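The exercises below are to be worked with the sequence and the model side by side. Each task is followed by a solution that proceeds in steps.

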Amino acid sequence: MKRAIPVVVLSIAGLVPIWRYEPSIGGTTSTTEAASTPSASSSSSGSDSSSGTVVKGTTVNTDKGPVQVQVTFQGEKITAVKMLQQPNHPQTTAAVPKLIAETLQAQSADIDTVSGATITTEGYKESLQAAIDANAKAAAASPSPSPSAAASTASATQTVDGSAVNTEKGTVQVQVTFEGEKISAVRMLQQPNHPQTTAAVPKLIAETLEAQSADIDTVSGATITTEGYKESLQAAIDAKG
């Protein structure tokens with residue numbers, strides 16, 4: 001009987017490694033993060049915001065310097081254009097408000113070349129078209145809005161004519177388009193036939209879209225037209241209520 005004791009002890013000792021072995025439960029989990037490839041070109045990007053979809057156009061390198069625009073869309077409608085890059089040149093500075101005003105009116109990149117700023121205009125149009133294409137591609141990939149949502153959006157758009165203001169240079173009258181409470185477009189219904197007025201109008205419209213009110217600066221050399229414009233604009237804003 002005494003000889004059996006070591007055998008039992010050895011048997012128990014042999015089982016200890018088995019008892020201490022714990023099988024693993026499950027396996028190692030690895031997480032792979034993949035960056036989604038945008039549908040637009042790498043130099044174009046968009047983001048939805050309460051004010052619409054903002055899309056950056058391509059950066060176009062010109063002989064004068066890089067040109068890049070940022071466009072805000074409400075659906076397919078262009079509601080704002082902002083310059084992200086532009087040549088540091090007086091002719092470019094003077095041309096940009098005209099280019100933006102023409103874009104808002106044409107609702108496309110099919111706009112006239114600004115005299116004295118041909119190179120900047122071509123770069124602007126190329127960057128603008130890239131933004132338009134990127135927005136259209138993104139819209140095509142998105143599901144169509146429900147009829148009720150589309151009707152709601154349509155009802156939020158309102159066009160109001162301002163009062164006709166008689167000035168020493170001639171009659172000034174604007175037409176304002178609102179998207180909800182936001183001024184999305186301004187159009188001249190009447191304006192003096194004068195070179196200084198023609199040059200001032202794009203600047204006045206661009207400032208209005210930025211300020212979202214009639215509290216804008218007077219354009220040098222077009223004081224009378226500016227005052228008439230602001231009066232007609234304020235009347236349209238007040239009429240909307």
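**Exercise 1. How many helices and how many strands are there in the chain?**

Solution. The model is a predicted one, in which local features need pLDDT of at least 70 and side-chain atom pairs count only at pLDDT 80 or more, while totals for chains, interfaces and linings use all residues. Residues are numbered from 1 along each chain as its sequence is written, and side-chain values use heavy atoms, with hydrogens and water left out. Helices (H or I, at least four residues) and strands (E, at least two) are DSSP runs, numbered from the N terminus; on this basis the chain has six helices and nine strands.

**Exercise 2. Establish how far the model can be read, and describe the chain as a whole.**

Solution. Begin with pLDDT, the predictor's confidence in each residue, from 0 to 100: its mean over the chain is 79, and 73% of the residues reach 70 or more. Over residues 6-50, however, the pLDDT is below 50, and this stretch has 24 contacts in the model beyond near neighbours in sequence, a contact being heavy atoms within 4.5 Å. Where pLDDT is low, the predicted coordinates should not be read in detail.

Turn next to burial, where buried means under 20% relative accessible area, exposed over 50%, and partly exposed in between (1.4 Å probe, protein chains only). Of the 241 residues in the chain, 36% are buried. Finally, among contacts between residues at least 6 apart in sequence, 42% join residues at least 24 apart.

**Exercise 3. Compare the span of helix 3 with its expected span, and find what covers its buried residues.**

Solution. The expected span of a helix is 1.5 Å times one less than its number of residues. Helix 3 (residues 118-141) has 24 residues and reaches 35 Å from its first C-alpha to its last, which is close to the expected 34 Å. Its buried residues include Thr120, Thr121, Ser127 and Ile132, and their cover includes strand 2 (52-56), strand 3 (60-61), strand 4 (66-74), strand 5 (77-85) and helix 2.

Now take two of these residues in turn. Ser127 counts as buried because its relative accessible area is 0%; leaving aside neighbours within four places in sequence, Ser127 is in contact with Gly57, Thr58, Val60, Val67, Gln68 and Val69. Of these partners, Gln68 is 59 residues away in sequence, yet the two C-alpha atoms are 5.7 Å apart. Thr121, likewise at 0% relative accessibility and therefore buried, touches Leu99, Asp112, Thr113 and Val114 when residues up to four places away are not counted.

**Exercise 4. Which residue has a side chain joined to that of Thr92 by a polar contact?**

Solution. Thr92 lies in helix 2 (residues 90-106), and Thr92 is buried because its relative accessibility is 3%. Not counting residues up to four places away in sequence, Thr92 touches Gln86, Pro87 and Thr120. The side chain of Thr120 is the one joined to that of Thr92, by a polar contact of 2.9 Å.

**Exercise 5. Where in helix 5 does a kink lie?**

Solution. Helix 5 (residues 195-211) has 17 residues and spans 25 Å from its first C-alpha to its last, close to the 24 Å expected. The kink, of about 25°, lies at Val201, shortly before the proline Pro202; the bend at a residue is the angle between axes fitted to the seven residues ending there and the seven starting there. Both Val201 and Pro202 are among the buried residues of helix 5, whose cover includes helix 2, strand 9 (182-190) and helix 6 (223-240). Helix 5 is followed by Gln212, whose phi is positive, near 60°.

Conventions. A polar contact is a pair of N or O atoms within 3.5 Å; within protein, one must be able to donate a hydrogen and the other to accept it, and residues adjacent in sequence count only if both atoms are side-chain atoms.
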